[in-house]
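Open the model in your viewer and keep the sequence panel beside it. This tour moves from one selection to the next.

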Amino acid sequence: MNCPVCKQGSMQPTKELCKDYISEKFFKLLRCNKCSCAKTDFKEEDFQNDFYGPVYYNSSKGKFIPLIEKIFQWNHKRNAKNIYHNFKPKNVLEVGCGRAYLLKELANLGIEVSCLESATAADWILNNKDVTVATLSDSDEKEWPFPVQCFDLIVYWHVFEHIDDPILSLEQATKTLKNGKTLCISVPNISSIQARIKPTAWFHLDVPRHLYHFSKNGLVELLTKQGYRIEKVVAGDAIQNLYGWFQTLANLFTPNHPNTLYRFLQGGDPLRTVSKLSLVIQLVTSVIWVPAGILGYLVESITGMHGNITIYAVKTRI
Ligand SMILES: [Zn+2]
């Protein structure tokens, strides 16, 4: 198939099988021979399964144990302050808002916030009253419920890779973003060093929830073709980049049971249903993956081949 991202290369199936740590099903990737972006090779009937569910969302209180949730909240508070400082937006749209930590912080800073969520995700996450959320069913994916050119900033924070047609979503975002204003996309980077170590063990691959896997060059090319000027490409969230190293290296020790450490940090149902032996192995081998992961993180920081990247792009034409 033709690559939907760069529209120049062709997507070929890769040899390796990637295991979903929740459903325990295996998936192949289709990878572009030009821009290196990849797509999870899924069939229509795969969508009948719920690949999110209780192990993914954990509970209505949060995805993680309280300490980790606090760290996430603190991190989003920092992100919100940076957004306020750099862009001074009057209004912000976040596409896919998770637990809405970022939007709540932006709202506290006096910014008008909106969120767009899929109807399925909304069932899980819309238990807060602080944020107005527009839900999007499959039928109205082609037409977002917002006026043309109405937002000062649109954010996709680890969401773009979950969308089954990210190109269509980007076209809609471009329509609703004001001219000269910024689009911010943060995604895992499949051309990063941590992804290249062993793609099937890479924590941020997260098949089949991640339907697309973007390379830095592929995403830059896509945005440029859609009429954006790339302002900057920076390292994504530091915690996610460092954790990406830790979990990817730990997964090398338990290839049949990936992400057990992650489930340990989630607590609740994810921890109760995890393989205890693989958890012990991942914890014991921390003497190896902690120092190796810190070293990898430093190398990524120096080379700019980060596990997650954030792109800021300015809309230059309608
Ligand atoms: Zn491509």
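Select K81. Is it buried or exposed, or something in between? K81 has 13 C-beta neighbours inside 10 Å, so it counts as partly exposed. A residue would need 20 or more to be buried, and 12 or fewer to be exposed. This is a predicted model, so read every value here as computed from it.

Now colour the helix around it. K81 sits in helix α2, which covers residues 66-87. Add L109 to the selection. It is 28 residues from K81 along the chain, yet the two C-alpha atoms are separated by 8.1 Å.

**Next stop: α2 and α3**

Show helix α3, residues 101-108, together with α2. Two packed helices are described by the angle between their axes and the distance between the axes. Here the angle is about 50° and the axes are 8 Å apart. Angles of 35 to 65 degrees fall in the oblique class, and α2 and α3 are therefore oblique to each other. The crossing of α2 past α3 is right-handed.

Which residues make the contact between α2 and α3? On the α2 side, select F72, Q73, H76, K77, N79, A80 and I83. On the α3 side, select Y101, L102, E105 and L106. Colour them by class: six are nonpolar, three polar and two charged.

Stay on α3. Its buried residues are Y101, L102, L103, E105 and L106. What do they pack against? Turn on α2 again, then add β5 (91-95), β6 (112-118) and β8. Just after α3, click on G110, where phi is positive at about 90°.

**Into the core**

Hide the helices for a moment and select the largest nonpolar core. It has 57 residues. Those with the most contacts inside it are C37, V92, L106, I154, L183 and I185. Strand β8 gives the largest share of this core, with six residues. In soluble globular proteins, nonpolar side chains tend to be buried together.

Centre the view on L183. Which residues does it touch, leaving aside neighbours within four places in sequence? They are I154, A173, L177, Y228, A313 and K315.

Apart from this core lies another one, of nine residues. F246, L249, L261 and W289 are among them.

**A second helix pair**

Select helix α8, residues 238-251, and helix α12, residues 286-303. Their axes come within 9 Å and cross at roughly 135°. That makes α8 and α12 oblique to each other, because the class of roughly antiparallel takes angles over 145 degrees. The crossing of α8 and α12 is right-handed.

Show the side chains at the contact. From α8, pick N241, L242, W245, F246, L249 and A250. From α12, pick W289, V290, A292, G293, G296, Y297 and E300. By class, nine of the contact residues are nonpolar, three polar and one charged.

**Loops and backbone**

Go to D165, in the loop between β8 (151-157) and α5 (166-176). D165 has 14 C-beta neighbours inside 10 Å, so it counts as partly exposed. Add Y212. It lies 47 residues from D165 in sequence, but their C-alpha atoms are 9.0 Å apart.

Move to P208, in the loop between α6 (193-197) and β10 (212-213). Which kind of peptide bond joins V207 and P208? It is a cis bond, with omega about -5°.

Now find K7, in the segment before β1 (11-13). K7 is not a glycine, yet its phi is positive, near 60°. With 14 C-beta neighbours inside 10 Å, K7 counts as partly exposed.

S36 also has a positive phi, about 70°, and is not a glycine. Look for S36 in the loop between β3 (26-32) and β4 (38-41). Is S36 buried or exposed? It is buried, because 20 other C-beta atoms lie within 10 Å.

**Zoom out**

Show the whole chain as a cartoon. How many helices and strands are there? The protein has twelve helices and twelve strands. Of its 318 residues, 42% are buried. Finally, take the contacts with a separation of 6 or more: residues 24 or more positions apart account for 71% of them.

Definitions and conventions:
Residues numbered from 1 in each chain as written. Predicted model: local features only at pLDDT ≥ 70, side-chain atom pairs only at ≥ 80, totals over all residues. Helix = DSSP H or I, 4+ residues; strand = E, 2+ residues; numbered from the N terminus. Axes fitted to C-alpha atoms, helices over the stretch in contact; angles between N-to-C directions. Parallel < 35°, antiparallel > 145°, perpendicular 65-115°, else oblique. Left-handed = near helix turned anticlockwise from the far one by under 90°. Contact = placed C-beta atoms within 7 Å. Nonpolar A, V, L, I, M, F, W, Y, C, P; charged D, E, K, R; others polar. Core = buried A, V, L, I, M, F, W, Y, C linked by C-beta atoms within 7 Å.
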